[in-house]
Structures are given as structure tokens and as C-alpha cells.
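Q: Could you take me through how aromatic pairs, burial and surface patches are read from a model, with the general idea stated before each case?

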Amino acid sequence: MRLARRRTSGRPEASVTRGAEGTVAVAMERYDEAVLKAVPVSDIRPNEGSLTSTLRTLLFFTALMITLPVGLYFSSKAYIFEGTLGMSDRDSYFYAAIVAVVTVHVVLALFVYVAWNEGSRQWREGKQD
């Protein structure tokens with residue numbers, strides 16, 4: 001027994017074939033070229049710009065998260081705590097680690113703030129469309 005169904009909404013034709021053993025086979029035919037050309041490429045990928053912006057923001061904060069705490073740890077240890085304040089080597093390790101931990105928290109807070117504002121901006125732009 002063969003059943004065929006044709007949709008007029010631009011979707012492909014689906015045909016269902018039932019075999020002698022009770023198995024069911026579904027075959028999908030290809031879209032017409034006119035249907036494919038009717039859909040602009042910008043409608044297929046509307047969020048490509050926002051994806052690039054999000055990836056750029058993520059990479060920026062990743063680089064900031066790696067370099068800033070490490071750089072501030074060594075520079076504050078050498079120049080501020082040992083050089084300017086004249087602390088011992090052991091004390092300068094401790095206070096430099098506090099500076100690095102505070103820096104990590106500041107970078108994370110900035111990332112959350114920027115991501116929150118970027119997401120709400122994209123949501124507002126999407127809602128206006």
C-alpha cells in the first residue's frame with residue numbers, strides 16, 4: 001500500500017510506503033529551486049553578527065582573566081609590597097595573592113555586567129523587529 005501526501009506550504013513532498021513485513025519507509029523529495037531562492041540568506045542566519053560580537057567579548061575577557069591577575073600579582077609583589085612598602089618576601093607573596101584574587105573577581109564582575117547588557121540589547125533589538 002502506498003500513501004502520498006503533498007503539502008502546499010513550500011515543504012517537501014513526503015511519501016510513505018508500507019512493505020509486506022509491516023515496515024514503513026518515508027522518502028522526502030528535495031525542495032524546488034524557486035522555494036530555496038525565495039528565502040534570503042539573511043533570514044537563515046539572523047544572529048551571525050551577535051554571535052561574532054559575543055565571541056569577541058568572550059575572547060577579550062578570557063585574555064584579560066589570564067593576563068591581568070598574573071601581571072598584577074608579580075608587579076604588585078615586586079614594586080609595591082617589596083619595593084615601596086619594604087615588606088618581607090613571605091608577606092609580599094600573601095598580599096600579592098590577595099591583589100590577584102580581587103582582580104579575578106573584578107574581571108568576572110565586569111564580564112557579567114557586559115554580557116548582561118549585551119544580551120538585553122540583543123533582546124531589545126530582536127523584539128523591535
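Q: How many aromatic pairs does the structure hold, and by what is a pair of aromatic rings described?
A: A pair of aromatic rings is described by the distance of the centres and the angle of the planes. In this predicted model, there are five aromatic pairs. One of them joins Y73 and F74, whose ring centres lie 5.0 Å apart with the planes at 80 degrees, and because an angle over 60 degrees counts as edge-to-face, this pair is edge-to-face. F94 and Y95 also make an edge-to-face pair, with 5.2 Å from centre to centre and 75 degrees between the planes. Beyond such pairs, F60, F61 and F111 belong to one aromatic cluster.

Q: Is F74 buried or exposed, and how should Y95 be classed?
A: The class follows from the relative accessible area, with exposed meaning over 50% and buried under 20%. F74, at 53%, therefore counts as exposed, whereas Y95, at 36%, is partly exposed.

Q: Which residues form the nonpolar patch on the surface together with Y95?
A: Y95 shares this patch with F94, I98, V102, V106 and L110, and together they have about 540 Å² of accessible area. L110 is located in helix α4 and is partly exposed, its relative accessible area being 42%.

Q: Where does S92 lie, and is S92 buried or exposed?
A: S92 is likewise placed in helix α4, which spans residues 89-128, but its relative accessible area is 0%, so S92 is buried. Leaving aside residues up to four places away in sequence, S92 touches K77, F81, E82 and M87.

Definitions and conventions:
Residues numbered from 1 in each chain as written. Predicted model: local features only at pLDDT ≥ 70, side-chain atom pairs only at ≥ 80, totals over all residues. Heavy atoms only, no water. Helix = DSSP H or I, 4+ residues; strand = E, 2+ residues; numbered from the N terminus. Buried < 20%, exposed > 50% of the residue type's maximum accessible area, 1.4 Å probe, protein only. Contact = heavy atoms within 4.5 Å. Phe/Tyr/Trp six-rings, centres within 6.5 Å; stacked < 30°, edge-to-face > 60°. Patch = residues over 30% accessible without salt bridge, like charges linked within 9 Å, V, L, I, M, F, W, Y side chains within 5 Å. Areas by Shrake-Rupley, 256 points an atom, 1.4 Å probe, with all protein chains shown as cover. Salt bridge = Lys/Arg side-chain N within 4 Å of Asp/Glu carboxyl O.
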